[in-house]
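Me: I should like to go through the reasoning behind some of the terms applied to this model. Please set each value against its definition.
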Amino acid sequence: SAIQNLKSDTTTYLPQNDMFFDGDIEKWKAVAYTLKARFYMHWVEVDAANCLAALENATQGIKDLDGSMKTLHATESSEQNMWYQFDYSRAGYMAAGANLVNLLRGNVDPRESIYFENTPGTDVVGGADPGESYNNHSYLNDENFGADGSIDIISYEENLLIKAECNYRLGNEISAQTFLQESQTAAEDKWGFPSTTYSDITLTGEDLFDKIIEEKYIALFLNIEAWNDYKRNCYPDV
């Protein structure tokens, strides 16, 4: 219904103080289509038709990094990033998870230092295993996720990875490779990495599927949708 309302030539639903997209209806429509694709993905194991529907909506979804929808924060105490506020009030209650830290390090993925700060007193990121004390382990990188740091609500990368997974499930491995590659290029652009940071995608079969799910797990850092993907794909298997 929101999509239909936004398509209307007479729509007046967008306020003048649209803080997300400054009244850009096309960006709002794209976000709505990506959200719709996300919801279809929750049911792809139940009915393959949901994968077709997800792909159809993702094709009309977020078109570039500028179209990602993010939380908005400032340094005022009432407007700060919730992750920053939690750490400020309860330092040591949470820490980087060893699984993600080790995955990024094993992949030589520079997002390790984008996501996390070094462990206090060291020059390396340290992740905690389940059940281990969170003291003296890394937390979020304050430069990127500090008081006024924005967090993706729904993103261009997610839209690309929905396309990648759907194409794989529908037997279109070449397209799946392409969209996976585009998602990694988006990560390079987003974080200012060299264009050669990630290797060209030549994987096939289950290796390709595993890489799509792995990349989505990494790209959706701090996003609750990673939990929904875990329930579908049991990744990460730890």
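Me: Which backbone atom lies 3.5 Å from a polar atom of the side chain of H73?

Reply: In this predicted model, that atom is the backbone nitrogen of N81. The side chain of H73 also reaches the backbone oxygen of Q80, at 3.4 Å.

Me: What makes the pair formed by the side chain of H73 and the backbone oxygen of Q80 a polar contact?

Reply: The cut-off for a pair of N or O atoms is 3.5 Å. The distance here is 3.4 Å, so the pair falls within that limit.

Me: Why is H73 called partly exposed?

Reply: The partly exposed class lies between under 20% (buried) and over 50% (exposed). H73 has 26% relative accessibility and therefore counts as partly exposed. H73 is located in the loop between β1 and α4, and its contacts beyond four places in sequence include M82, A147, D148 and G149.

Me: How do you know that L72 counts as partly exposed?

Reply: Its relative accessibility is 45%, which is to be set against the 50% above which a residue is exposed. L72 therefore counts as partly exposed.

Me: What makes L72 eligible for a surface patch?

Reply: Patch members need over 30% relative accessible area, and L72 has 45%. L72 forms a nonpolar patch with M19, F20 and I153, with about 380 Å² of accessible area together.

Me: Which residues have the most contacts inside the largest nonpolar core?

Reply: They are V31, I62, Y168, L180, L208 and I212, in a core of 22 residues. The elements giving two or more residues to this core are α2, α8, α9 and α10.

Notes:
Residues numbered from 1 in each chain as written. Predicted model: local features only at pLDDT ≥ 70, side-chain atom pairs only at ≥ 80, totals over all residues. Heavy atoms only, no water. Patch = residues over 30% accessible without salt bridge, like charges linked within 9 Å, V, L, I, M, F, W, Y side chains within 5 Å. Areas by Shrake-Rupley, 256 points an atom, 1.4 Å probe, with all protein chains shown as cover. Salt bridge = Lys/Arg side-chain N within 4 Å of Asp/Glu carboxyl O. Buried < 20%, exposed > 50% of the residue type's maximum accessible area, 1.4 Å probe, protein only. Helix = DSSP H or I, 4+ residues; strand = E, 2+ residues; numbered from the N terminus. Contact = heavy atoms within 4.5 Å. Polar contact = N/O pair within 3.5 Å; in protein donor to acceptor, adjacent residues only side chain to side chain. Core = buried A, V, L, I, M, F, W, Y, C linked by side-chain atoms within 4.5 Å.
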